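Notebook open, viewer open. I'm going through this one feature at a time and jotting down what I look up.

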Amino acid sequence: MSQLPQPGTIGWMDLTVEDASRVREFYEAVAGWTSQEHPMEGYSDYVMLSPGGAPVGGVCHARGANAGLPPAWLIYIVVEDLDARLARCVELGGQVIEGPRQAGSGRFCVLRDPAGAAFALYENAPQ
């Protein structure tokens, strides 16, 4: 059984773009990554793999629930209490871009910090 990412760590990163297939091919050629299709509803996004086969991130189509996400590499910071951290973000001048919403067995939201940088907070499902 794999261990869940710990609070305070970057648990994942992905890039959401209009043409994920073309951008996936770009990163395969430039970074030396390979890809694995990740089925969505009627299309596939991509899990990008290092030359050794370890997952390094995702390249996603800007469709469906991802339609409003910015075209930038987005880090997902793991937190223990998503609602409390989201409220604190807004109190300190951050903005909600998307969510919170379910993602697998956890929840996440996409935010913008006071400088304008986008990032996401992710809460693992309760154990």
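**Entry 1: Ser44.** I started with the contacts of Ser44: leaving aside neighbours within four places in sequence, I get Glu37, His38, Pro39 and His61. A note to self before going on: this is a predicted model. Ser44 lies in strand β3. Is Ser44 buried or exposed? Ser44 counts as buried, because its relative accessibility is 17% and the cut-off for buried is under 20%. I also checked what the side chain is doing, and found a polar contact of 3.2 Å joining the side chains of Ser44 and Glu37.

**Entry 2: cysteines.** How many disulfides does the structure hold? I count zero. I wanted to know why, so I looked at the sulfurs. The closest cysteine sulfur to that of Cys89 is in Cys109, at 7.4 Å, which is too far for a bond. Coming from Cys109, I land on Cys89 as the closest, again at 7.4 Å. A disulfide would need the two sulfur atoms within 2.5 Å. I looked up burial too: Cys89 has 13% relative accessibility, so Cys89 counts as buried. Cys109 is at 0%, so Cys109 counts as buried as well.

**Entry 3: nonpolar cores.** Background first: in soluble globular proteins, nonpolar side chains tend to be buried together. Which residues make up the largest nonpolar core here? I list nine: Leu15, Val17, Ala20, Val23, Tyr27, Trp33, Tyr46, Met48 and Val59. Two or more of these residues come from each of β1 (10-17), α1 (20-31) and β3 (44-49). The largest share is from α1, with three residues.

I picked Val59 out of this core for a closer look. Skipping residues up to four places away in sequence, I find Val59 touching Leu15, Val17, Ala20, Val23, Arg24, Asp45, Tyr46, Met48 and Trp73. Apart from this core I found another, of eight residues, and both cysteines from Entry 2 turn up in it: Leu86, Cys89, Cys109 and Phe119 are among its members.

**Entry 4: largest pocket.** Next I went looking for open space. What is the volume of the largest pocket? I have it at about 840 Å³. Its lining takes in 30 residues, and those nearest its centre are Trp12, Asp14, His38, Ala103 and Gly104. I recognise His38 from the contacts of Ser44. The elements giving two or more residues to the lining are β1, β3, β4 (55-61), β5 (73-79) and β6 (95-103). β1 gives the most, four residues.

**Entry 5: Ala120.** I moved to strand β8 (residues 118-123), where Ala120 is found. Ala120 counts as buried, because its relative accessibility is 0%. Leaving out residues up to four places away in sequence, I see Ala120 touching Leu74, Ile75, Tyr76, Ile77, Cys109 and Val110. So Cys109 comes up again, as a contact of Ala120 on top of its place in the eight-residue core. I then took a distance from Ala120 to Trp12: they are 108 residues apart along the chain, and their C-alpha atoms are separated by 9.5 Å.

**Entry 6: Val90.** Last stop was helix α2 (residues 82-91), which holds Val90. Val90 counts as partly exposed, because its relative accessibility is 44%. How far apart are the C-alpha atoms of Val90 and Ala125? I get 23 Å, for two residues 35 apart along the chain.

Technical notes: Residues numbered from 1 in each chain as written. Predicted model: local features only at pLDDT ≥ 70, side-chain atom pairs only at ≥ 80, totals over all residues. Heavy atoms only, no water. Buried < 20%, exposed > 50% of the residue type's maximum accessible area, 1.4 Å probe, protein only. Core = buried A, V, L, I, M, F, W, Y, C linked by side-chain atoms within 4.5 Å. Contact = heavy atoms within 4.5 Å. Polar contact = N/O pair within 3.5 Å; in protein donor to acceptor, adjacent residues only side chain to side chain. 1 Å grid on protein atoms, 1.4 Å probe; cavity = no way out; pocket = protein on both sides within 12 Å on 5 of 7 lines; lining within 4 Å. Points joined across faces, edges and corners; volume = space filled by probe spheres on them.
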